[in-house]
Amino acid sequence: MIIWLNGAFGAGKTTAAHELLHLLPGSTLFEPERIGDQLRGMLPKERLAEVDDYQDLPSWRSLVVDTASALLSELPGPLITPMSLLSQAYRDEIFGGLAARRIPVRHFLLQTEETFLRARIDQRAAVDGDAVRTRCLDRLAQYDAALSWLADDAHPVAASRLTPRQTAEALAEGVRRGDGACAIVQTAPPRAETLAAGVLFFDEHGRVLLVDPTYKPGWEFPGGVVETGEAPTLAAAREVVEELGLTLDVEPRPLVVDWEPPRDRGFGGVRLLFDGGVLPAERLERLLLPDDELRDWRLVTEAEAEQLLDARRFRRLRAALRARALGRPLYLERGHPIGA
């Protein structure tokens with residue numbers, strides 16, 4: 001298990017984590033910041049100049065998951081992780097990666113009123129220098145912006161008037177009660193190329209329905225991986241029931257067949273998109289999302305979809321919209337039409 005202590009920079013996460021070590025037998029301090037320090041020492045300065053923070057490095061995010069998994073194979077756990085994680089997309093990527101490895105996460109938010117927070121930052125700067133003060137204060141706006149989703153995702157601990165020991169005691173009691181448990185679907189990472197089937201639904205204005213997974217960054221199409229021996233249309237219908245609570249009225253019409261090459265740590269494979277048709281408003285109002293898998297759904301225009309989807313998925317969507325207009329499916333490789 002991982003106990004993730006989140007909050008503003010300077011909120012006292014690390015000092016509380018050290019106290020918590022004494023209250024949870026077998027626990028170990030896991031500081032992902034050290035991974036960032038190592039990457040700073042190994043990556044070329046040109047690559048580091050491309051990002052504002054080491055958390056923006058995909059290598060950092062994947063190493064956090066891999067390192068936590070490796071540590072828990074050596075240690076009884078839990079791992080206590082004091083780390084500001086203020087990007088919801090990065091939260092989804094890291095926590096989803098941990099869930100895929102069957103590592104549960106308890107997510108806590110140390111809430112500190114700004115007056116107390118600034119006083120703590122000043123105390124820390126008196127020891128570590130003004131650069132620390134500047135760094136912490138510069139991140140306050142980022143923390144304030146993240147509160148809109150952090151408040152719903154993490155269990156709050158009001159730490160303004162608590163000593164580090166008292167904060168740790170509140171955290172230990174929360175762990176014993178089961179507070180902060182992140183319900184994330186445990187989707188195992190692929191071991192080979194996969195076949196996946198997605199379904200596009202539209203409203204009466206032609207907007208397409210996208211969903212926001214809890215276990216990976218960015219928005220997606222409803223759907224999922226086709227199981228061994230399963231027909232893709234049946235897989236699409238099954239996923240739609242599981243993810244949206246919808247039953248397809250007719251057999252879905254194919255729109256796109258897209259071959260996706262291996263990339264990063266993925267194996268690639270074939271991606272199918274089917275036309276699920278138009279959903280009237282009354283059916284949209286009855287959508288049921290599984291809390292451990294999907295956070296939200298949204299109807300978007302093509303232009304809005306470009307802001308929410310990664311480049312690969314958006315190319316696939318754009319081709320699917322074209323196929324729908326043409327009345328015939330398109331074959332793609334790497335998101336680009338072949339023979340059309």
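Helices and strands are named here as DSSP runs, helices (H or I) of at least four residues and strands (E) of at least two, numbered from the N terminus. By that naming, Glu193 lies in the loop between H9 and S6. The model is a predicted one.

Glu193 is a convenient place to start. Its relative accessible area is 53%, and because exposed means over 50%, Glu193 counts as exposed. Leaving out residues up to four places away in sequence, Glu193 touches Trp259, Phe267, Gly268 and Gly269. Along the chain Glu193 is 13 residues from Gly180, yet the two C-alpha atoms are 35 Å apart in space.

The helix before that loop, H9, covers residues 164-177 and packs against helix H1, residues 13-21. The two axes are 8 Å apart and meet at an angle of about 65°. The crossing of H1 and H9 is right-handed. From H1, the contact uses Thr15, Ala16, Glu19 and Leu20; from H9, it uses Pro164, Arg165, Thr167, Ala168, Leu171 and Ala172. Sorted by class, the contact of H1 with H9 has six nonpolar residues, two polar and two charged.

The next topic is the nonpolar core. In soluble globular proteins, nonpolar side chains tend to be buried together. The largest nonpolar core of this model has 25 residues, and those that touch the most other members are Ile2, Trp4, Trp60, Val64, Ile94, Phe95 and Leu98. At least two residues of this core come from each of strand S1 (2-7), helix H2 (32-42), helix H4 (58-74) and helix H5 (88-100). H5 supplies the largest share of this core, five residues.

Within H4, the buried residues are Trp60, Arg61, Ser62, Val64, Val65 and Ala68. They pack against S1, H2, strand S3 (79-82) and H5. Trp60 itself, not counting residues up to four places away in sequence, touches Pro32, Ile35, Gly36, Leu39, Tyr54, Gln55, Met83 and Ile94. H4 has 17 residues, and the distance from its first C-alpha to its last is 25 Å, close to the 24 Å expected at 1.5 Å a residue. In the loop between H4 and S3 lies Pro78. The peptide bond that joins Gly77 and Pro78 is cis, with omega about 5°.

Helix H5 also holds Arg91. Is Arg91 buried or exposed? Its relative accessible area is 4%, so Arg91 is buried. Beyond residues up to four places away in sequence, Arg91 touches Leu85, Gly96, Trp149, Asp153, Cys182, Ile184, Thr214 and Arg295. One of these, Thr214, is 123 residues from Arg91 in sequence, but the C-alpha atoms of the pair are 8.7 Å apart.

Arg102 is found in the loop between H5 and strand S4 (105-111). Although Arg102 is not a glycine, its phi is positive, about 60°. With a relative accessible area of 47%, Arg102 is partly exposed.

Later in the chain, Leu289 lies in the loop between helix H11 (281-284) and strand S11 (294-300). Its relative accessible area is 22%, and since buried means under 20%, Leu289 is classed as partly exposed. Apart from neighbours within four places in sequence, Leu289 is in contact with Glu243, Leu244, Leu294, Arg295, Asp296 and Trp297. Thr228 is 61 residues from Leu289 along the chain, and their C-alpha atoms are separated by 25 Å.

Helix H13 consists of 16 residues, 311-326. At 1.5 Å a residue these should span 22 Å, which agrees with the 23 Å between the end C-alpha atoms of H13. Which residues of H13 are buried? They are Arg313, Phe314, Arg316, Leu317, Ala319, Ala320 and Ala323. The elements covering them include strand S6 (194-202), strand S7 (208-213), strand S9 (253-260), strand S10 (269-278), helix H12 (302-308) and strand S12 (330-333). Gly327 follows H13 and has a positive phi, near 80°.

Arg334 is found in the loop between S12 and strand S13 (336-337). Arg334 has a positive phi of about 55° although it is not a glycine. Its relative accessible area is 46%, so Arg334 is partly exposed.

Key:
Residues numbered from 1 in each chain as written. Predicted model: local features only at pLDDT ≥ 70, side-chain atom pairs only at ≥ 80, totals over all residues. Heavy atoms only, no water. Axes fitted to C-alpha atoms, helices over the stretch in contact; angles between N-to-C directions. Left-handed = near helix turned anticlockwise from the far one by under 90°. Contact = heavy atoms within 4.5 Å. Nonpolar A, V, L, I, M, F, W, Y, C, P; charged D, E, K, R; others polar. Expected span 1.5 Å × (residues − 1). Buried < 20%, exposed > 50% of the residue type's maximum accessible area, 1.4 Å probe, protein only. Core = buried A, V, L, I, M, F, W, Y, C linked by side-chain atoms within 4.5 Å.
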